[in-house]
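Thanks for sharing this one with me. Here are a few friendly notes on its charged side-chain pairs, set out point by point.

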Amino acid sequence: MGKRSESRELLTTIEVLDALGGEKIVAELTQQRGDDGWKNVEGWKRTPTFPSRYFYVMTLALRKKRLRAHPRLWGQVIAPDMDQAVA
């Protein structure tokens, strides 16, 4: 059986936004409409976490690129024994 390729972990909101293609692409992904949509997403660069409601859609988009980010970047609570599983 072939070796499973490892996914690279992104550590900050800036890394995630850049990996997904920037503010405008993430605004579309998260359905931020109108001229202010990408500006809302741009503001996430200055925060330690994303809005939690976008965890699933952004995580799936990262997975398609063989990337990952810790659920804490969306404010998700992880039990200590689960921390190793998401790393």
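1. Let me begin with Glu23, which counts as buried at 16% relative accessibility, because the cut-off for that label is under 20%. Please keep in mind that this is a predicted model.

2. Glu23 has a charged partner: its side chain and that of Lys45 meet in a salt bridge, with 2.8 Å from N to O. Glu23 sits in helix α2 (residues 23-29), while Lys45 belongs to the loop between α3 (37-43) and α4 (55-64), so the contact links distant parts of the chain, 22 residues apart. Unlike buried Glu23, Lys45 is partly exposed, at 28% relative accessibility.

3. How many salt bridges does a search of the whole structure find? The count is three, and the Lys45 and Glu23 pair is one of these salt bridges.

4. Another salt bridge joins the side chains of Arg68 and Glu9, at 3.4 Å from N to O. Glu9 lies in strand β1 (residues 8-10) and Arg68 in strand β2 (residues 67-69), so this pair ties together parts that are 59 residues apart in sequence. Both ends are partly exposed: Arg68 has 23% relative accessibility, and Glu9 has 27%.

5. Arg46 and Glu42 also meet through their side chains in a salt bridge, with an N to O distance of 2.9 Å. Here Arg46 is exposed, its relative accessible area being 62%, whereas Glu42 counts as partly exposed at 25%.

6. As general background, side chains of opposite charge can pair when their charged atoms come close.

Technical notes: Residues are numbered from 1 along each chain as its sequence is written. This is a predicted model: local features need pLDDT of at least 70, side-chain atom pairs count only at pLDDT 80 or more; totals for chains, interfaces and linings use all residues. Side-chain values use heavy atoms; hydrogens and water are left out. A salt bridge is a side-chain nitrogen of Lys or Arg within 4 Å of a carboxyl oxygen of Asp or Glu. Helices (H or I, at least four residues) and strands (E, at least two) are DSSP runs, numbered from the N terminus. Buried means under 20% relative accessible area, exposed over 50%, partly exposed in between (1.4 Å probe, protein chains only).
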